[in-house]
Every structure is written in structure tokens, then in C-alpha cells.
Amino acid sequence: MSTNQENESSVANVEIDAASDSTEDSSSKGKSGLVRKKRYKRVITDIIVHVYATFNNTHATVTDVKGNVLAWSTAGGNGFRGSRKSTPFAGQVATSKALQKVVETYGSESAEVRVYGAGPGRDASVRSVRE
């Protein structure tokens, strides 16, 4: 019987120690008292900007070299509706918004542009990547 009592007391001590540890450093721990892993920012220096310029809309997709999508944007998604959606300025805004997301998130430095389609946002999108 004495060995069972010793085991129970050691378990109780462990629980008390774990409870006391959760109150010591609350800055690195979440609400539940568990230690969270530190998140690291992924740095991607080279990106590819795919621009799909149609006669009605312009889609800009930013990927890494392997083809994983990092961000995307469209002229319609940026508030352009109707005939304004098929303008060069709308294509420029769509491309710059997608690039802005990637530069802020991943810190990319160089970009390759691939243009598909014959829409009016084609040339303006390439100009926005230069800037």
C-alpha cells in the first residue's frame, strides 16, 4: 500500500509543478498556458508574376519559382465594375496590389513577368511591376 501512496503523491507533485510553471512567464505563452512555437518569416527573393489580360478583366497571380501561389488579385476584386474593369488602369492596380502583398509578407526583391492574353491591362501590368 505504501508504494501506491508514493506514486499518487509524485503525480500530485507533477501537476502542482506544471500549474506553477504556467504562471511564471505569461508573455511567451498563450491563453491556455501552453508554450507556442516561434513563427519564422519565410523569405522568398525570386518571384514570378503571371498576368492574364482578357478583354473583360485582368488577373494577376504571384508565385514562387516552384509555382506555389503567394498572392493574387483581379481588377474586379479591387472595386472596378462594368466597363472600367477592362481598362489598363484597372490591370495596373490589380498587379500592384498582388505585388504589394508579396513584398510585405515575403520580402521579395526580383520578379519575372509572364503575360497571357491580349487585353488592355497587358502593358500597364508590366509597367506596374517595374515600379
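# Reading a predicted fold, feature by feature

Modeller: β1 and β2 form a hairpin with four residues between them. Keep in mind that this is a predicted model.

Biologist: How many bridges join β1 to β2?

Modeller: Seven, and the two strands run antiparallel. For one register point, take V49, whose bridge partner in β2 is V62.

Biologist: In what sense do β2 and β3 pair?

Modeller: Antiparallel again for strand β2 (residues 58-64) and strand β3 (residues 69-74), over five bridges. Two partners fix the register. T61 is bridged to W72 in β3. T63 stands opposite V69.

Biologist: Which residue takes a positive phi in the hairpin of β2 and β3?

Modeller: G67, with phi near 105°. That hairpin has four residues between its strands.

Biologist: What should I know about side chains along a strand?

Modeller: In a regular strand they alternate between the two faces of the sheet. Burial is a separate check. Here six of the seven residues of β2 are buried, so the strand is largely enclosed by the rest of the structure.

Biologist: How much of the chain counts as buried?

Modeller: Of its 131 residues, 29%.

Biologist: Let me step back to the whole chain. How many helices and strands does the chain have?

Modeller: Three helices and four strands. From the N terminus on, the order is α-β-β-β-α-β-α.

Biologist: What share of the contacts joins residues far apart in sequence, at least 24 places?

Modeller: Take the contacts between residues at least 6 apart in sequence: 56% of them join residues at least 24 apart.

Biologist: Next, aromatic rings. What describes a pair?

Modeller: The distance of the centres and the angle of the planes describe a pair of aromatic rings. This structure holds two aromatic pairs. Y52 and Y116 make a stacked one, at 4.9 Å centre to centre with 15° between the planes.

Biologist: Why does the pair of Y52 and Y116 tie together distant parts of the sequence?

Modeller: Y52 lies in strand β1 (residues 46-53) and Y116 in strand β4, so the pair links parts that are 64 residues apart in sequence. Y52 is partly exposed, at 37% relative accessible area. Y116 is partly exposed too, at 35% relative accessibility.

Biologist: And what about the rings of F80 and F89?

Modeller: Their centres are 5.9 Å apart and their planes stand at 85°, so that pair is edge-to-face. The angle decides the label, because planes over 60 degrees apart count as edge-to-face.

Biologist: Where is F80 found?

Modeller: In the loop between β3 and α2. Is F80 buried or exposed, you may ask? It counts as buried, at 12% relative accessibility.

Biologist: Which residues does F80 touch, beyond those up to four places away in sequence?

Modeller: A75, K85, F89, A90 and V93. For a distance along the backbone, use N57: it is 23 residues from F80 along the chain, and their C-alpha atoms are separated by 9.3 Å.

Biologist: Where does G117 lie?

Modeller: In the loop between β4 and α3. G117 counts as partly exposed, with 41% relative accessibility. Set aside its neighbours within four places in sequence, and G117 is in contact with A53 and R122. G117 and A53 are 64 residues apart in sequence, yet 4.9 Å apart in space, C-alpha to C-alpha.

Biologist: Last topic, pockets. What is the general idea?

Modeller: Rolling a probe the size of a water molecule over the atoms shows where empty space is left. In this model the largest pocket has a volume of about 160 Å³.

Biologist: Which residues line the largest pocket?

Modeller: The lining is I47, S96, L99, V103, S108, E109, S110, A111, S128, V129 and E131.

Biologist: Which elements each supply at least two residues of that lining?

Modeller: α2 (88-106), β4 (110-116) and α3 (122-130). Of the elements, α2 gives the most, with three residues.

Biologist: What is the make-up of the lining by class?

Modeller: Five nonpolar, four polar and two charged residues.

Note on methods. Residues numbered from 1 in each chain as written. Predicted model: local features only at pLDDT ≥ 70, side-chain atom pairs only at ≥ 80, totals over all residues. Heavy atoms only, no water. Pairing = 2+ DSSP bridges. 1 Å grid on protein atoms, 1.4 Å probe; cavity = no way out; pocket = protein on both sides within 12 Å on 5 of 7 lines; lining within 4 Å. Points joined across faces, edges and corners; volume = space filled by probe spheres on them. Nonpolar A, V, L, I, M, F, W, Y, C, P; charged D, E, K, R; others polar. Phe/Tyr/Trp six-rings, centres within 6.5 Å; stacked < 30°, edge-to-face > 60°. Buried < 20%, exposed > 50% of the residue type's maximum accessible area, 1.4 Å probe, protein only. Contact = heavy atoms within 4.5 Å.
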